[in-house]
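Me: I would like a close look at one part of this model, namely its charged side-chain pairs, with their surroundings described as far as they can be.

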Amino acid sequence: MSRLALPAGLVAARDQWRMRWNRLARRERRLVTTALTVIGAVLLWMLAVQPASRTLRDTPVQLDAVESQLQQMQRQAAESRELRKLPTVKPAQAEAALRGATERLGANARITLQGDRATLTLSGVPGEALAAWLGEVRSAARARPDEVKLSRGPNGYSGSVLLSLSRPG
């Protein structure tokens, strides 16, 4: 069996290390061996065992979060399919539904209709009221939000919501 030839620099370093090792007392060799073993064990822990352990610990939590997101997306997809099955709403009905839902938001909300688009402008509307408004206009007016620019303040949400209205085909 042939040995691999090492570069001259490595051969010299190896020989120098062997001479130093042989000059050490037995007790010193044991201490160096113990220190190198401890350092090796720490490196093995840090580079191999700990990352694998962390992955095993964190994966179930991440899987639960992803599963929850998947279920939410599936519910939303089912709701979307159900809304698509509903008959379209006539423009006059959609406009009346939008105006009625907006009136329930109070003086802090204003709706502007232009063709098959509607813009809701808000100033300090509570989140629950805004969520209820969105649900109502989705089901009653078949409107869907296309662009939302909202900021949350101490009194609620302010900004605008641009909606697209479905038109009878």
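How many salt bridges does the structure hold, and where do the pairs lie?

Reply: The model is a predicted one, and the structure holds 9 salt bridges. Side chains of opposite charge can pair when their charged atoms come close. Several of these pairs can be followed individually.

A suitable place to begin is Glu79, which forms a salt bridge with Arg138, the closest N and O atoms being 2.5 Å apart. Because Glu79 belongs to helix α2 and Arg138 to helix α4 (residues 127–140), this pair ties together parts that are 59 residues apart in sequence. Glu79 is partly exposed, with a relative accessible area of 39%, and Arg138 is likewise partly exposed, at 30%.

Helix α4 takes part in a second such contact, in which the side chains of Arg104 and Glu136 meet in a salt bridge with an N to O distance of 2.1 Å. Here too the pair links distant parts of the chain, since Arg104 sits in the loop between α3 and β1 (109–114) while Glu136 is in helix α4, 32 residues apart. The two partners can be set side by side: Arg104 counts as exposed at 59% relative accessibility, the cut-off for that class being over 50%, whereas Glu136 is partly exposed, with a relative accessible area of 25%.

A pair within one helix is formed by Glu95 and Arg99, whose side chains meet in a salt bridge at 3.3 Å, N to O. Both residues lie in helix α3 (residues 91–103), 4 residues apart, which is about one turn of the helix. Glu95 is partly exposed, with a relative accessible area of 35%, and Arg99, at 35% relative accessibility, also counts as partly exposed.

Beyond these pairs, Arg117, Arg144 and Asp146 are linked in a network of salt bridges. Arg144 also appears among the residues that line the largest pocket, as does Arg138, the partner of Glu79. Rolling a probe the size of a water molecule over the atoms shows where empty space is left. About 330 Å³ of space lies in the largest pocket, and its lining also includes Ser80, Leu83 and Arg84, along with Pro87, Arg142 and Ser166. By class, the lining has 5 nonpolar, 3 polar and 4 charged residues. Helix α2 and strand β3 (143–153) each supply at least two residues of that lining, and helix α2 is also the element that holds Glu79.

Elsewhere on helix α2 (residues 26–85), where Leu47 lies, the surface has another character. A nonpolar surface patch of about 970 Å² is made by ten named side chains, among them Leu36, Ile39, Trp45, Met46 and Leu47. Leu47 itself counts as exposed, at 67% relative accessibility.

For contrast with these accessible positions, one may turn to Val125, placed in strand β2 (residues 117–125). Val125 is buried, with a relative accessible area of 1%, the cut-off being under 20%. The C-alpha atoms of Val125 and Glu103, which are 22 residues apart along the chain, are separated by 12 Å.

Key:
Residues numbered from 1 in each chain as written. Predicted model: local features only at pLDDT ≥ 70, side-chain atom pairs only at ≥ 80, totals over all residues. Heavy atoms only, no water. Patch = residues over 30% accessible without salt bridge, like charges linked within 9 Å, V, L, I, M, F, W, Y side chains within 5 Å. Areas by Shrake-Rupley, 256 points an atom, 1.4 Å probe, with all protein chains shown as cover. Salt bridge = Lys/Arg side-chain N within 4 Å of Asp/Glu carboxyl O. Buried < 20%, exposed > 50% of the residue type's maximum accessible area, 1.4 Å probe, protein only. 1 Å grid on protein atoms, 1.4 Å probe; cavity = no way out; pocket = protein on both sides within 12 Å on 5 of 7 lines; lining within 4 Å. Points joined across faces, edges and corners; volume = space filled by probe spheres on them. Nonpolar A, V, L, I, M, F, W, Y, C, P; charged D, E, K, R; others polar.
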